[in-house]
Amino acid sequence: MSKIIDAITLLKSQKWIDLSHTVSSEIPYFPAFKPIETETLFTVEKDGFFANQYTVATQYGTHIDAPIHFAVGTKALDEIPVTEFVLPLVVIHKEKDVEANNDYRLTVQDILDFEAQYGEIPAGSFVAFASGWSKRWHDNAKFYNKDDAGQAHTPGWALETLQFLHEQRNVAAIGHETLDTDSALDFVKHNDLVGERYWLTQNKFQIEVLNNLSELPATGGAIFIGVPKIKDAPGFNARVFAIVPN
């Protein structure tokens with residue numbers, strides 16, 4: 001057998017973890033959009049085959065943001081090389097901190113503390129922020145987490161952390177469990193998603209609304225990202241999974 005076939009055999013013997021949420025019209029979504037709409041076009045009983053038509057925003061459910069989503073002149077979804085859809089996976093676990101402070105911002109110091117324990121984050125890695133937020137997925141009110149005044153309280157990446165990961169570590173992509181890269185309070189402070197805008201402007205993509213990150217080890221795994229090849233798309237729903245050592 002070839003080394004590739006041997007590698008597949010090895011991967012099949014490891015632990016596979018689905019990192020995507022199931023899509024439906026009931027899930028949480030970015031408020032500028034609307035829920036997915038489904039129209040049945042054909043059925044097996046009447047037409048001999050089953051087909052649906054879906055109307056859905058490109059950023060819905062677990063999804064990829066192509067750089068062009070925020071930055072003109074950068075890569076669209078179909079222009080991202082397929083080699084970037086399989087990456088070494090690094091997971092920064094901050095579930096307890098986020099539970100104690102829903103407005104938690106992942107800092108450069110968090111990265112340095114992580115590296116003191118696990119070693120420097122390798123260039124070309126996918127870095128995921130495990131906040132535990134996906135556990136709120138089946139309760140929209142808890143996922144949006146708005147106070148009595150209507151202000152959301154959700155965690156996010158600090159801008160300087162993203163700058164560090166790009167400029168000092170040259171990571172390939174990032175991911176998180178929430179609807180936005182930035183914390184809700186940072187969005188209010190800047191009236192913009194400054195972290196998300198910065199990251200995508202570097203011509204790098206991200207995955208939002210990831211699931212099951214708490215099940216992943218900090219290092220040693222790989223992430224696999226499946227997306228459609230739609231011309232000039234700013235992103236789309238994605239099927240994402242990780243393979244980690246048993």
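A nonpolar patch, as used here, is made of residues with over 30% relative accessible area and no salt bridge, whose nonpolar side chains (Val, Leu, Ile, Met, Phe, Trp, Tyr) lie within 5 Å; like charges are instead joined within 9 Å. Accessible areas come from the Shrake-Rupley method with a 1.4 Å probe, and for residues only the protein chains shown count as cover. A salt bridge is a side-chain nitrogen of Lys or Arg within 4 Å of a carboxyl oxygen of Asp or Glu.

The model is predicted: local features need pLDDT of at least 70, side-chain atom pairs count only at pLDDT 80 or more, and totals for chains, interfaces and linings use all residues. Residues are numbered from 1 along each chain as its sequence is written, and side-chain values use heavy atoms, with hydrogens and water left out.

**Exercise 1. Find the residues of the nonpolar surface patch of about 280 Å² and place Ile8.**

Step 1. The patch is made by Ile4, Ile5 and Ile8.

Step 2. Ile8 belongs to helix α1, residues 3-12. Helices (H or I, at least four residues) and strands (E, at least two) are DSSP runs, numbered from the N terminus.

Step 3. Ile8 has 43% relative accessibility and is therefore partly exposed. Buried means under 20% relative accessible area, exposed over 50%, and partly exposed in between (1.4 Å probe, protein chains only).

**Exercise 2. Write down the strand order of the nine-stranded open sheet and identify its edges.**

Step 1. The order is β1-β13-β11-β5-β7-β9-β10-β4-β12, with mixed pairing. Two strands pair if DSSP finds at least two bridges between them.

Step 2. The edges are β1 (15-18) and β12 (235-237); each has a single partner strand, so one side of each has no neighbour in the sheet.

Step 3. On average, neighbouring strands of this sheet are turned by 25 degrees against each other, direction ignored. For such angles, axes are lines fitted to C-alpha atoms, for helices over the stretch in contact, and angles run from 0 to 180 degrees between N-to-C directions.

**Exercise 3. Follow the pairing of β13 with β1 and β11, then turn to β5 and β7.**

Step 1. Strands of a sheet pair through backbone hydrogen bonds, either parallel or antiparallel.

Step 2. β1 and β13 (residues 239-244) run antiparallel and are joined by four bridges. Here Ile17 stands opposite Ala242.

Step 3. β11 (residues 221-226) is also antiparallel to β13, with five bridges. Ala242 in β13 is the bridge partner of Ile223.

Step 4. β5 (residues 86-93) and β7 (residues 126-130) run parallel, joined by five bridges. Val90 faces Val127 of β7.

**Exercise 4. Examine salt bridges and state how accessible their residues are.**

Step 1. The whole structure holds nine salt bridges.

Step 2. One of them joins Lys75 and Glu84, with the closest N and O atoms 3.5 Å apart. Lys75 is buried at 18% relative accessibility, and Glu84 is buried at 19%.

Step 3. Glu115 and Arg169 form another, with the closest N and O atoms 2.7 Å apart. Glu115 lies in helix α4 (residues 108-118) and Arg169 in the loop between α6 (159-167) and β9 (173-176), so the pair ties together parts that are 54 residues apart in sequence. Glu115 is buried at 11%, as is Arg169 at 13%.

Step 4. Asp192 and Arg197 meet at 2.9 Å, N to O; Arg197 is partly exposed at 34%.

Step 5. Salt bridges also link Lys94, Asp97 and Asp110 in a network.

**Exercise 5. Describe the surroundings of His21.**

Step 1. His21 is in the loop between β1 and β2 (37-42).

Step 2. With 8% relative accessibility, His21 is buried.

Step 3. The side chains of His21 and Trp137 share a polar contact of 3.3 Å. A polar contact is a pair of N or O atoms within 3.5 Å; within protein, one must be able to donate a hydrogen and the other to accept it, and residues adjacent in sequence count only if both atoms are side-chain atoms.

**Exercise 6. Compare the loop residues Asn191 and Asn203.**

Step 1. Asn191 sits between α7 (184-190) and α8 (194-201), and Asn203 between α8 and β10 (206-208).

Step 2. Neither is a glycine, yet phi is positive: about 50 degrees in Asn191 and near 65 degrees in Asn203.

Step 3. Asn191 is exposed at 63% relative accessibility, whereas Asn203 is partly exposed at 28%.
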